[in-house]
Amino acid sequence: AAMKQTKGLEGDKKSIIKFEFNPKDGIDNPALSLAEDTDGESLGEPRFYLLSKGSTETFGFCLHEELGCQGHVIREVELGGLAQRRGLQDGDRLLQVNGHFVDHMDHRKVVQKIKASGNQVLLAVLDGGSYEAAKALGRDLSQLLPANVRPRLCHITRDKSGFGFTVSGPEGMRGTFQLSVQQDGPAERAGVPTGSWLLELNGASVRSYSHAQLTKKLKQSSSKVTLLVASSAVEEFYRLQGMQVTAAVADTSWLPFKVRELHMVKGPAGYGFLLKEDDCRSGATGQFLWDVDAGLPAEQAGMREGDRLLAVNGESIEGLDHFETVRRIRAHEDWVTLVVIDPAGDEFYHSVG
């Protein structure tokens, strides 16, 4: 930091040290973390929670925006609810949702992010006192958080030379497999980072596998294989937090199976589709789209017969019944946005959990 040479500063070690740390440049000295003593008051560390609920449960807290109070405030932590059992506290400030920094985001968008996450969400919070102290010091809170805490799901199609990765692990140890990735091979093209650790193969944990069992499973995979992988940093992060890495929090941007967002404006003859309740592959009940009329808004937006409905206007419909889903679709007079997935994608996500 630029320092004005003023008299009386030379002998004062403390103020010089203070000048040298500029939060805008980020923390360049890893030891200089929030836990450092700041004017005699120590700031807490961010805490991480992986909340998994049943489809009819709630996460057990509310997110508030309050006058005279900065940040997204955790409130109404339900007694005995999921959030309280995990350790969330009234007054905590929400910093991250599924690895995305949200402190600077519009409140409604943040609530939407949590709702769109379905039944599992990874949150990072900071206690209220530390949050306010850090803000008063002008600290950049995003610097306190690991940049990427998500494992990655990758779907690899074998070519004539194979899948394009090799597996190594300590002799005689089960469940510890590190991947070396061949340059420009199928694995690299599918997004597998070299040196990452293998956690799941085709939706099943490899924790109990021996090297021979893993090799056999890979041979049985014929032409396609789906891996859940994590870098050393991500793996260590989950271990230190005492959390299990699961496919549910994975970065899926590398997968060939995508959900589709359909934005429709109602025409004189309506949207032109029917919603039917039916059983999903998982055994749960789902809402499916049928009788898509040619030339009407639904078809023009890209809806296809047999698509399964996942979200209405940015909110997951997991756990909602047919009537409640229809009510949400009709919430606005003449428009709706649906998130859908086709049967092949649905089957794929079910198979990897």
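## Exercises on strands E6, E7, E8 and Asp92

E6 pairs with strand E7 (residues 100-101) in the antiparallel sense, over 2 bridges, where pairing requires that DSSP finds at least two bridges between two strands, and where strands (E, at least two residues) and helices (H or I, at least four) are DSSP runs numbered from the N terminus. The model is predicted, with local features needing pLDDT of at least 70 and side-chain atom pairs counting only at pLDDT 80 or more, whereas totals for chains, interfaces and linings use all residues. Residues are numbered from 1 along each chain as its sequence is written, and side-chain values use heavy atoms, leaving out hydrogens and water.

**Exercise 1.** Describe the hairpin of E6 and E7, and state how E6 is covered.

*Solution.* Begin with the bridge partner of Val97 in E7, which is His100. Next, take the turn: 2 residues lie between the two strands of the hairpin, and Asn98 in that turn has a positive phi of about 50 degrees. Finally, E6 is mostly covered, since 5 of its 5 residues are buried, buried being under 20% relative accessible area, exposed over 50% and partly exposed in between, with a 1.4 Å probe and protein chains only.

**Exercise 2.** Determine which strands are joined to E8, and explain how E8 is enclosed.

*Solution.* First, strand E3 (residues 47-52) runs antiparallel to E8 and is joined to it by 6 bridges, with Phe48 standing opposite Ala124. Second, E6 also runs antiparallel to E8, through 4 bridges; here Arg93 stands opposite Leu126, and Val97 stands opposite Leu123. Third, 7 of the 7 residues of E8 (residues 120-126) are buried, so this strand is largely enclosed by the rest of the structure. In a regular strand the side chains alternate between the two faces of the sheet. In E8, Gln120, Leu122, Ala124 and Leu126 point one way while Val121, Leu123 and Val125 point the other way, and all are buried.

**Exercise 3.** Locate Asp92 and work out the surroundings of its side chain.

*Solution.* Asp92 lies in the loop between helix H2 (82-86) and strand E6 (93-97), and Asp92 is buried, with a relative accessible area of 1%. The side chain of Asp92 makes a polar contact with the side chain of Arg47 at 2.5 Å, a polar contact being a pair of N or O atoms within 3.5 Å of which, within protein, one must be able to donate a hydrogen and the other to accept it, and residues adjacent in sequence count only if both atoms are side-chain atoms. The Asp92 side chain also reaches the backbone nitrogen of Gln89 at 2.8 Å.
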